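Let's walk through a structure together, one feature at a time. Have the viewer open and follow along.

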Amino acid sequence: MAVVFKAPHALCDVPMHYCPGCTHGIAHRLVAEAIDELEIEGKTVGVSPVGCSYNNYLYFNCDMVQASHGRAPAVATGIKRCLPENIVFTYQGDGDLAAIGTAEIIHAAARGENITVIFINNTIYGMTSGQMAPTTLLGQITTTSPYGRDPKAHGYPIRVCEMLATLEGPAYIERVSLHDIKHIKKAKEAVKKAFKVQIAGKGFSLVEILSTCPTNWGLDPVESLKRIEKELIPHYPLGVFAGSDLEV
Amino acid sequence: MGQKLLMKGNEVIAEAAIRAGCRHYFGYPITPQTEIAHYMAKAMPKVGGVFLQAESEVSAINMVYGAASTGKRVMTSSSSPGISLKMEGISYAAGAQLPAVIVNIMRGGPGLGGIQPSQSDYFQATKGGGHGDYHMVVLAPSSVQELYELTVEAFNIADRYRILTMILGDGVLGQMMEVVNFRDEEKIETYDKSWATCGHNNEREHNIITSIHIDPVILEQWNNDLQKKYRLIYEKEQRYELYNCENADIILVAYGSVARICKGVIKEAKEQGINIGLVRPITLWPFPVDAFEKVIDIPSAFLTVEMSAGQMVEDVRLTVNGKKPVYFTGRMGGMIPTVNDIMSKIYEIKNELKI
């Protein structure tokens, strides 16, 4: 009997701690499938963030380094500069990457650091129970914007891909979504391409993945997926922001 | 044989690191240590190494964290305000048991302070600085020659114990030029680094470098292991110099460039018929309590001299433990104590104790 679907080797066979309906699990799987298909697990070093995915060093089967909050691109830089032949990726949420780690991501991108960044944008701080993130949409209710995000008080959400695409350093930047099967397949291709860009030595690659946080959005898993389509994508349009003509 | 050169202290630190096998340096400019970065920027490409000017001290120390995770020898350097910024990364690297060398060429504080020499980061270096129960090995050179020798040794110590080693100098040492005798070959100790995250190559289980252990039972055990390591270092790595202590009426305690001034004081005092000794801690952590055990019965008093409001003097008092009076004199804010300053204090003590 032919095996048509199995767990990726790059994903450890352990229970995950994520909430029901959270799309971290899907994003993890896409990264692991890409690692498997490119046969790079043995030479890959991943960097875990601070946030809900802080301990994904337990989930990925490659060597893993846990970084302090927001510093994963700097940690990845240190690793990659020591091991230029290896594959180095970070996995970061929007609080980690777009708030406390803004300097690190911008400068890693500006240097064209040959690393891959998997950026999970769910417009909220998940682990610390639903605070406003730099990516929180206007009007969105969070535990620290209980009356909705008001631009006069809280400023405006940051579009990371568009911002980084103004730099000359990045080789490849794409925003994808996990809200349905079709988009998950596109997300998979983007993640795989990002790793291929690194393997080809082309420089900095980042894939922003629009994700859900049912627990802190106060929505059930299905409604959460619908929210991505209805509210997130209009503000965070999907597409390639750098390297659209890049062949790898 | 060897090589005899006239060099600036900061440049010698950089050269020593390269001779010790360090091929990765991450830094950010700050006076009075920037010559280390200048030297690295020129020298690293010639030896196939990496010099990277980070966007901040915070990023530089996290690049060190990443580089150290791979098992490679790595260094960063800064001066006081920059070291404060590195403290987060230092705590994480200490927690994750990563070996690396950190140089602090101290300047006056607090805040932006000034750019002149100081020793006011002693507490930060030896008592924590970052959060959590951790220590770095802290080495305090007192000459350009010692900057060379202790920088090489710092890498060996870091690898031996999987620990951060700090070179704690000051603006005087960093900026001064002296003759340095380089050896033809360095004694580079090699240790097992099977813990490193450098790709498992499908030959072993995945390695994990982390400072987080969410289960308190495991975190306590992790801390117990750290403390066990610190006790071992405390037993094995204390270094110090005893100078003219044999018949001393008063023994000075000073490190770094201040210890040099104290040797001038000893000479001056001798001419005035006073016998003064010096305990010069070379390791500030572990503090060299052994040195005090050797000399405790000799003097009438100890006089600690620092370029601070009195930081190391607390460890001197803890060590002397009331057996002898412990005095302090110091200058702050980038001012350097003179021989006359210290001689005045010696006369004050002599009058008070009637010696």
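Here is a short dialogue about chain contacts, domains and helix packing.

Q: Before we start, what kind of model is this?
A: It is a predicted model.

Q: Let's begin with the contact between the chains. How many residues does each chain bring to it?
A: In general, the size of an interface is often given as the accessible area lost when the parts come together. Here we can count residues instead: chain A contributes 29 residues and chain B contributes 34 residues.

Q: Which elements of chain A give two or more residues to the side that touches chain B?
A: Look for strand E1 (44-48), strand E2 (63-66), helix H2 (72-82) and helix H4 (102-110) of chain A. H2(A) gives the most, with eight residues.

Q: And how do the residues on that side of chain A divide by class?
A: There are 14 nonpolar, nine polar and six charged residues on the side of chain A that touches chain B.

Q: In what sense do E2(A) and strand E9 of chain B pair?
A: They pair in the parallel sense, over two bridges, with E9(B) covering residues 208-209. To find the spot, pick A:Val65, whose bridge partner in E9(B) is B:Ile209.

Q: Now for chain B alone. Which domains does its assignment give?
A: The assignment gives domain 1 (3-236) and domain 2 (242-353). Taken over C-alpha atoms, the centres of these two domains of chain B are separated by 28 Å. Their contact takes 26 residues from domain 1 and 22 residues from domain 2.

Q: Which elements of domain 1 of chain B give two or more residues to the side that touches domain 2?
A: Those are helix H5 (122-126), strand E6 (137-139), strand E7 (164-170), helix H7 (171-175) and helix H8 (216-236) of chain B. H5(B) gives the most, with four residues. By class, this side of domain 1 has 14 nonpolar, 10 polar and two charged residues.

Q: Last one: how should I read a helix pair?
A: Two packed helices are described by the angle between their axes and the distance between the axes. Take helix H1 (residues 24-38) and helix H7 (residues 181-199) of chain A: their axes come within 9 Å and cross at roughly 45 degrees. That crossing makes H1(A) oblique to H7(A). The crossing of the two is right-handed.

Q: Which residues meet there?
A: H1(A) brings residues including A:Ile26, A:Leu30 and A:Glu33, and H7(A) brings residues including A:Ile184, A:Lys188 and A:Phe195. The residues of this contact divide into 10 nonpolar, no polar and five charged.

Definitions and conventions. Residues are numbered from 1 along each chain as its sequence is written. Chains are lettered from A and ligands numbered from 1 in the order in which they are written. This is a predicted model: local features need pLDDT of at least 70, side-chain atom pairs count only at pLDDT 80 or more; totals for chains, interfaces and linings use all residues. Two residues are in contact if their C-beta atoms, placed from the backbone, lie within 7 Å. Ala, Val, Leu, Ile, Met, Phe, Trp, Tyr, Cys and Pro count as nonpolar, Asp, Glu, Lys and Arg as charged, and the others, Gly among them, as polar. Two strands pair if DSSP finds at least two bridges between them. Domain bounds come from an automatic or database domain assignment. Axes are lines fitted to C-alpha atoms, for helices over the stretch in contact, and angles run from 0 to 180 degrees between N-to-C directions. Angles under 35 degrees count as roughly parallel, over 145 as roughly antiparallel, 65 to 115 as roughly perpendicular and the rest as oblique. A crossing is left-handed if the near helix is turned anticlockwise from the far one by less than a right angle, and right-handed if clockwise.
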